[in-house]
Amino acid sequence: MHLSLRQLQIFSGIAEAGTTTAAGELLGLSQSAVSAALGELESLLGLALFDRVGRRLVLNGHGRALLPQARALLAGMDDIERRFRADSQTGAAVQWQVGASTTIGNYLMPARIADLQERNPNAHVELVIGNTREVTTAVQRLEVDIGLIEGPSHEPGLEVAPWQHDELVVVFGGRHPLAAALRKGADLAQLRQARWLLREPGSGTREAAEQALLPHLQGFAEVLQLGGTEAIKQGAVAGLGLACLSRHAVADLVTLGKLQVLDTPLPPLQRQLWVVRHPGKRVPASLRQLLGLAADVFNDD
């Protein structure tokens with residue numbers, strides 16, 4: 001048998017009330033139940049905690065040493081109950097670990113996290129950002145509660161569902177050698193001859209660009225590989241080549257005039273974003289709320 005919070009609660013009640021009868025009234029227990037719990041506690045510790053002075057129980061040296069620790073534990077228990085008991089004002093305390101590939105993590109999730117915390121100040125989200133391969137690996141290893149990726153999952157044993165669509169645009173910067181001509185648009189021949197700025201293999205952004213462009217271009221004449229979306233954006237600003245990126249990712253630099261969206265004969269470009277989970281992980285209501293998931297996505301009922 002081990003110490004219990006109930007025993008400490010009764011011990012604290014006796015210390016406050018002075019008798020087992022008064023402590024029982026305070027705690028809503030019978031006098032015999034209070035006496036039995038105190039006896040169990042003193043037996044487990046191998047120490048008497050009170051001096052018996054007439055009908056009163058007065059803390060002895062051992063009891064005085066135990067009382068602040070007992071009260072600290074009981075206060076911690078009350079805090080846990082308060083924080084994790086959802087109510088209409090704040091909601092229950094929750095901490096989620098979400099894996100997200102680069103564009104989603106940098107440009108889509110921060111606003112969602114802010115919205116969740118506005119609704120529930122007790123919510124905390126740890127965002128783990130990597131490329132699609134890294135995120136699916138983290139989901140497979142149960143290192144995150146759920147993953148959001150920009151390309152289809154190739155990891156076995158995971159459950160994958162569509163999340164939302166993401167519009168892709170082709171952009172260039174004012175320092176591009178052909179910037180003056182590109183402001184008027186580009187035909188397929190020009191796109192085929194261009195240098196393209198791409199992410200590394202395994203990136204959802206790389207896979208999305210290839211899936212969107214290669215059916216129309218039949219290949220890239222020249223590729224400059226850069227290790228992140230921000231590097232690609234800045235490379236395009238510097239005139240290193242064309243980039244095919246999420247409109248969300250380039251919105252800031254387009255607004256500032258440092259990048260321009262290229263007019264092309266290509267059809268509207270978009271990609272499917274995906275949500276992926278380990279079959280052993282549930283998706284509770286607050287996590288669904290964070291991601292905007294419909295009730296029938298990963299339904300555990």
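The exercises below work through helices, strands and single residues of a predicted model.

Residues are numbered from 1 along each chain as its sequence is written, and side-chain values use heavy atoms, with hydrogens and water left out. In this predicted model, local features need pLDDT of at least 70 and side-chain atom pairs count only at pLDDT 80 or more, while totals for chains, interfaces and linings use all residues.

**Exercise 1. Helix H1**

Task: Compare the expected span of helix H1 (residues 5–17) with the distance between its end C-alpha atoms, and list the buried residues of H1.

Solution.
- Helices (H or I, at least four residues) and strands (E, at least two) are DSSP runs, numbered from the N terminus.
- The expected span of a helix is 1.5 Å times one less than its number of residues. With 13 residues, H1 should span 18 Å; the end C-alpha atoms are 18 Å apart, so the two values agree.
- Buried means under 20% relative accessible area, exposed over 50%, and partly exposed in between (1.4 Å probe, protein chains only). In H1 the buried residues are Gln7, Leu8, Ile10, Phe11, Ser12, Gly13 and Ile14.
- Gly18 follows H1 and has a positive phi, near 95°.

**Exercise 2. Helices H5 and H10**

Task: Describe how helix H5 (residues 102–119) and helix H10 (residues 229–237) cross, and which residues meet.

Solution.
- Axes are lines fitted to C-alpha atoms, for helices over the stretch in contact, and angles run from 0 to 180 degrees between N-to-C directions. The two axes come within 9 Å and cross at roughly 80°.
- Angles under 35 degrees count as roughly parallel, over 145 as roughly antiparallel, 65 to 115 as roughly perpendicular and the rest as oblique. H5 is therefore roughly perpendicular to H10.
- Contact means heavy atoms within 4.5 Å. From H5, Thr102, Thr103 and Tyr107 meet Thr229, Glu230 and Lys233 of H10.
- Ala, Val, Leu, Ile, Met, Phe, Trp, Tyr, Cys and Pro count as nonpolar, Asp, Glu, Lys and Arg as charged, and the others, Gly among them, as polar. The contact of H5 with H10 has 1 nonpolar, 3 polar and 2 charged residues.

**Exercise 3. Strand pairing**

Task: State the sense in which E3 pairs with strand E4 (residues 123–130), and find the partners of strand E11 (residues 269–277).

Solution.
- Two strands pair if DSSP finds at least two bridges between them. E3 and E4 are parallel, with 8 bridges; Ser101 has Gly130 in E4 as its bridge partner.
- In strand E3 (residues 94–101), 6 of the 8 residues are buried.
- Strand E5 (residues 146–149) runs antiparallel to E11, joined by 3 bridges, and Leu148 stands opposite Val275.
- Strand E6 (residues 159–173) is also antiparallel to E11, with 8 bridges; here Glu159 stands opposite Arg277.

**Exercise 4. Three single residues**

Task: Place Leu142, Gln218 and His62 in the structure and classify the exposure of Leu142, Gln218 and His62.

Solution.
- Most residues other than glycine have a negative phi. Leu142 has a positive phi, near 60°; Gln218 has a positive phi of about 55°.
- Leu142 lies in the loop between helix H6 (132–140) and E5. Its relative accessible area is 45%, so Leu142 is partly exposed.
- Gln218 sits in the loop between helix H9 (204–217) and strand E8 (222–225). Its relative accessible area is 57%, so Gln218 is exposed.
- His62 belongs to helix H4 (residues 61–84) and, at 43% relative accessibility, is partly exposed. Leaving aside neighbours within four places in sequence, His62 contacts Leu47, Ala48 and Leu49. The C-alpha atoms of His62 and Leu49 are 5.5 Å apart, with the two positions 13 residues apart along the chain.
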